[in-house]
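User: I am a first-year student learning to read protein models, and I would like a close look at one part of this one. Please take the aromatic rings as the centre of your answer, and add a word on the cysteines afterwards.

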Amino acid sequence: MEKIKVHFYNARAGKLADKVVGIASVFSHVELEINGVCYSSSNRDRGVRSKVIDTSNAQKWLSFDLKKNIDENICLLYFESVRGQKYDWLNILLTQLIKLNIQSRNKQICSEFVANCLGLENAHKYSPESLFFKLKELNYIWKDRRENNV
């Protein structure tokens, strides 16, 4: 079984939209990596997709091996079942910002996709930052030596 990694993008290191998110959150994006390929839902790529991403820049990415054994085949099957779903701007507005708990049936944001892959309940409620803290709480990840004030 291949180790699964999770990568959190530093909001303050990105483009203007990331920096706006960075006013209220440390992270603006999250990726799940299996066998060197990253899986997520991306507003830049317009939804759920897979691609190879260089996550080696520690100024931009905070990376962890998942401590919990997650079956990568379940993650990949989930990805295939939702591949191409659009990015969920309504979730960003109504659930992440206004907290109305609105869930789309056929759209996802990055943290929702990763939380679904990991089998977490109420995946649509997670932002990248709240997912980071939930994974720490569940002991799926541990404090990284590069982690500063998170």
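Analyst: What follows is a walk through the aromatic pairs, then the cysteines, and lastly one histidine. Please keep in mind from the start that this is a predicted model.

A pair of aromatic rings is described by two quantities, the distance of the centres and the angle of the planes. Counted by the rule used here, there are 11 aromatic pairs in the model. One of them joins Tyr-78 and Phe-113, whose ring centres are 5.7 Å apart and whose planes meet at 35 degrees, so the pair is tilted. This pair links distant parts of the chain, since Tyr-78 belongs to helix α2 (residues 72-82) while Phe-113 belongs to helix α4 (residues 110-117), with the two positions 35 residues apart in the numbering. The two partners can also be described by their accessibility: Tyr-78 has a relative accessible area of 21% and is therefore partly exposed, whereas Phe-113, at 0%, counts as buried.

Phe-113 also pairs with Phe-79, and here the arrangement is edge-to-face, with 6.3 Å from centre to centre and 90 degrees between the planes. Once again distant parts of the chain are linked, with Phe-79 in helix α2 and Phe-113 in helix α4, 34 residues apart. In this pair, both Phe-79 and Phe-113 are buried.

Elsewhere in the list of ring pairs, Phe-8, Phe-27, Phe-64, Phe-132 and Phe-133 are linked into a cluster.

Turning to the cysteines, a disulfide is a covalent bond between the sulfur atoms of two cysteines. The count of disulfides in this model comes to zero. Cys-117 shows the reasoning: the closest cysteine sulfur to its own is in Cys-75, at 4.5 Å, which is too far for a bond, because the cut-off for a disulfide is 2.5 Å. Cys-117 is buried, with a relative accessibility of 5%, and Cys-38 counts as buried too, at 1%.

Finally, His-124 lies in the loop between α4 and α5 (128-137). His-124 has a relative accessible area of 6% and is therefore buried, as the cut-off for that word is under 20%. Measuring from C-alpha to C-alpha in the model, His-124 and Ser-104 are 8.4 Å apart in space, while in sequence they are 20 residues apart.

Methods. Residues numbered from 1 in each chain as written. Predicted model: local features only at pLDDT ≥ 70, side-chain atom pairs only at ≥ 80, totals over all residues. Heavy atoms only, no water. Buried < 20%, exposed > 50% of the residue type's maximum accessible area, 1.4 Å probe, protein only. Phe/Tyr/Trp six-rings, centres within 6.5 Å; stacked < 30°, edge-to-face > 60°. Helix = DSSP H or I, 4+ residues; strand = E, 2+ residues; numbered from the N terminus.
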